[in-house]
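User: Please take a close look at the charged side-chain pairs in this model. I should like to know where the partners sit and how accessible they are.

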Amino acid sequence: MSELRVRQRLTTVEEIFHEGGPVADQPLKRGAAMAVVANPFAGRFEPEIQWFMDDLRPLGLDMARQLAEALGGAERIEGYGKAAIIGAAGELEHGALWHAPGGYAMREVLSGTKAIVPSSKKVGAVGTRIDVPITHINASYVRSHFDSMEVGLNGAPRADEMAVILVMTTGPRIHNRAGGLGANEIKGEDGLR
């Protein structure tokens, strides 16, 4: 067991008013919370790594609360996603340790969401950026909410660090018109439709 060491945090919010069409009545807000933490497994292969998820859980909850608040409150959130960037001395599997702490943190803060939280992860050098996939919080097949947000920091992650990321949105893509299941048609039975 280690003590979680956080070097840097970032919370950012974008407001999107249009994508070349008419200005929306209400802009879409897309936000990200990112924490750069020491990777306790950097530089070596470690067979037992699951304990680190317990260290990440409180951070995930704090990030999810802060991000929801930055976007106007949990009741406004309609989309979410998560990601991890692992520094060059780590391995892809270290990023997989963010799945449960990051995903369950958002589900707890957003009270009863049904859809699986989409995710991405990669190993990269300092300054690596990642596209975080986004889907609707209650039904993964709601096409209007398929989105992504590029996230990164110039000085992170260092080789012995990892950056863990949460993303939330307040609605569908601006000017969405690709059809499919609408948010108003969600049945809420299985997290898909």
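Analyst: Asp54 is a suitable starting point: with a relative accessibility of 43%, this residue counts as partly exposed, a class that lies between buried (under 20% relative accessible area) and exposed (over 50%), computed with a 1.4 Å probe on protein chains only. The model is predicted, so local features require pLDDT of at least 70 and side-chain atom pairs count only at pLDDT 80 or more, whereas totals for chains, interfaces and linings use all residues. Residues are numbered from 1 along each chain as its sequence is written, and side-chain values use heavy atoms, with hydrogens and water left out.

The partner of Asp54 is Arg57, and their side chains form a salt bridge with an N to O distance of 2.3 Å; the term denotes a side-chain nitrogen of Lys or Arg within 4 Å of a carboxyl oxygen of Asp or Glu. Under this rule, seven salt bridges are counted. Both Asp54 and Arg57 belong to helix 1, where they are three residues apart, about one turn of the helix. Helices (H or I, at least four residues) and strands (E, at least two) are DSSP runs numbered from the N terminus. Arg57, at a relative accessible area of 38%, is likewise partly exposed.

Another pair links helix 1 to a strand. Asp62 and Arg9 meet through their side chains in a salt bridge of 2.7 Å, N to O. Because Asp62 is in helix 1 (residues 52-70) and Arg9 in strand 1 (residues 6-16), this pair ties together parts 53 residues apart in sequence. Asp62 has 37% relative accessibility and is partly exposed; Arg9, with a relative accessible area of 35%, is partly exposed too.

A further pair joins two strands. Arg30 and Asp147 form a salt bridge in which the closest N and O atoms are 3.0 Å apart. Arg30 lies in strand 2 (residues 28-38) and Asp147 in strand 6 (residues 147-152), so the parts that they tie together are 117 residues apart in sequence. Arg30 is buried, at a relative accessible area of 14%. Glu14 also enters here, since a network of salt bridges links Glu14, Arg30 and Asp147.

Strand 6 is also one boundary of the loop that holds Asn154, the other being strand 7 (161-169). Asn154 is exposed, at 74% relative accessibility. Apart from its neighbours within four places in sequence, Asn154 is in contact (heavy atoms within 4.5 Å) with Val126 and Gly127.
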